[in-house]
Amino acid sequence: MRISKTYLRSTSIQCYLCLLLNCHFLTEAGIHVFILGSISAGLPKTEANWGFVIKDLEKIDNIIQSIHIDTTLYTESDAHPRCKVTAMKCFLLELRVILLEFSHPDLNETIPNIIILANSSLSSNANITETGCKECEELEEKNIKEFFRSFLHIVQMFYNS
């Protein structure tokens, strides 16, 4: 299974620039700049992750148009903004169900990427406790197309905030 770290693509220029600068400044300070620049280039850019999740969801939408998946999944169709973290966690759990129940090469590549990107973006919200939100099992079960449509709506809540 190949997981692409799409958020690293735009940071490679930082590494090259740092390396170029350090060739001329091989001092202790130059080495520190190089190390810090390399570390910052490898850190995920959470503000960009949601955009990549949206692109992956669009890819999945095209995939499910071409294959037949007859399943229902717990779906939060009208989440309140104060419950968006809880809703996102439910969507991510249901993505794991899709991975377990269906074997399709494009889904097996794209879904883990979404899970990784979304979880890394959610890490800053890990300690948030949302009250009054529905548990996953309390949600209505909907078909896979409705599931991904609602999932996209939740992702856009994060992306636009």
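Analyst: A residue is buried when its relative accessible area is under 20%, exposed when that area is over 50%, and partly exposed in between. The model discussed here is predicted.

User: Why is Arg82 called buried, partly exposed or exposed?

Analyst: The relative accessible area of Arg82 is 47%. This value is neither under 20% nor over 50%, so Arg82 is partly exposed.

User: Where in the chain is Arg82, and what does Arg82 touch beyond its neighbours in sequence?

Analyst: Arg82 sits in the loop between strand E1 (72–75) and H4. With neighbours within four places left aside, its contacts are Glu130, Thr131, Gly132 and Cys133. For one of these residues, Thr131, the C-alpha to C-alpha distance to Arg82 is 8.5 Å, at a separation of 49 residues in sequence.

User: What makes the pair Glu146 and Arg149 a salt bridge?

Analyst: The closest N and O atoms of Glu146 and Arg149 are 2.3 Å apart. The cut-off between a side-chain nitrogen of Lys or Arg and a carboxyl oxygen of Asp or Glu is 4 Å. The distance of 2.3 Å is within 4 Å, so the pair counts as a salt bridge. In general, side chains of opposite charge can pair when their charged atoms come close. A search of the whole structure finds one salt bridge.

User: How are Glu146 and Arg149 placed in helix H6, and which exposure class does each fall into?

Analyst: Both belong to helix H6 (residues 144–160), and because they are three residues apart, about one helical turn separates them. Glu146 has 27% relative accessibility, which lies between the two limits, so Glu146 is partly exposed. Arg149 has 51%, which is over 50%, so Arg149 is exposed.

User: How do you know whether Glu76 is buried or exposed?

Analyst: The relative accessibility of Glu76 is 11%. That is under 20%, therefore Glu76 counts as buried. Glu76 is located in the loop between E1 and H4. Residues up to four places away not counted, Glu76 touches Ala87, Phe91, Lys134, Leu139 and Ser150. Ser150 is 74 residues from Glu76 in sequence, yet their C-alpha atoms are 6.7 Å apart.

User: Which class does Phe91 belong to, buried or exposed?

Analyst: Phe91, in helix H4, has 2% relative accessibility. This is under 20%, so Phe91 is buried. Leaving out residues up to four places away, Phe91 touches Thr75, Glu76, Phe147, Ser150, Phe151 and Ile154. The C-alpha atoms of Phe91 and Ser150 are 9.1 Å apart, with their positions 59 residues apart along the chain.

User: What lines the largest cavity, and how do the lining residues divide by class?

Analyst: The lining consists of Glu76, Cys83, Thr86, Ala87, Cys90, Cys133, Lys134 and Leu139. Five are nonpolar, one is polar and two are charged. Glu and Lys count as charged, so Glu76 and Lys134 account for the charged class. Cys, Ala and Leu count as nonpolar, so Cys83, Ala87, Cys90, Cys133 and Leu139 fall in that class. Thr is among the others, so Thr86 is polar. The largest cavity holds about 40 Å³ of space, and the structure has one cavity of 30 Å³ or more.

User: Which residues touch the most other members of the largest nonpolar core, and which helices supply at least two of its residues?

Analyst: The core has 33 residues, and Met88, Leu95, Phe148 and Phe151 touch the most other members. Helix H3 (46–66), helix H4 (84–101), helix H5 (105–122) and H6 each supply at least two residues of this core. Membership requires burial, so Met88 has a relative accessible area under 20%. Neighbours within four places aside, Met88 is in contact with Trp50, Leu122, Phe151, Ile154, Val155 and Phe158.

User: What is Asp61's exposure class, and how far is Asp61 from Lys145?

Analyst: Asp61 lies in helix H3. Its relative accessibility is 34%, in between the limits, so Asp61 is partly exposed. The C-alpha atoms of Asp61 and Lys145 are 7.6 Å apart, with the residues 84 apart along the chain.

User: What is the order of elements, and how much of the chain is buried?

Analyst: The chain has six helices and two strands, in the order α-α-α-β-α-α-β-α from the N terminus. Of its 161 residues, 40% are buried. Among contacts between residues at least 6 apart in sequence, 85% join residues at least 24 apart.

Definitions and conventions:
Residues numbered from 1 in each chain as written. Predicted model: local features only at pLDDT ≥ 70, side-chain atom pairs only at ≥ 80, totals over all residues. Heavy atoms only, no water. Helix = DSSP H or I, 4+ residues; strand = E, 2+ residues; numbered from the N terminus. Buried < 20%, exposed > 50% of the residue type's maximum accessible area, 1.4 Å probe, protein only. 1 Å grid on protein atoms, 1.4 Å probe; cavity = no way out; pocket = protein on both sides within 12 Å on 5 of 7 lines; lining within 4 Å. Points joined across faces, edges and corners; volume = space filled by probe spheres on them. Core = buried A, V, L, I, M, F, W, Y, C linked by side-chain atoms within 4.5 Å. Contact = heavy atoms within 4.5 Å.
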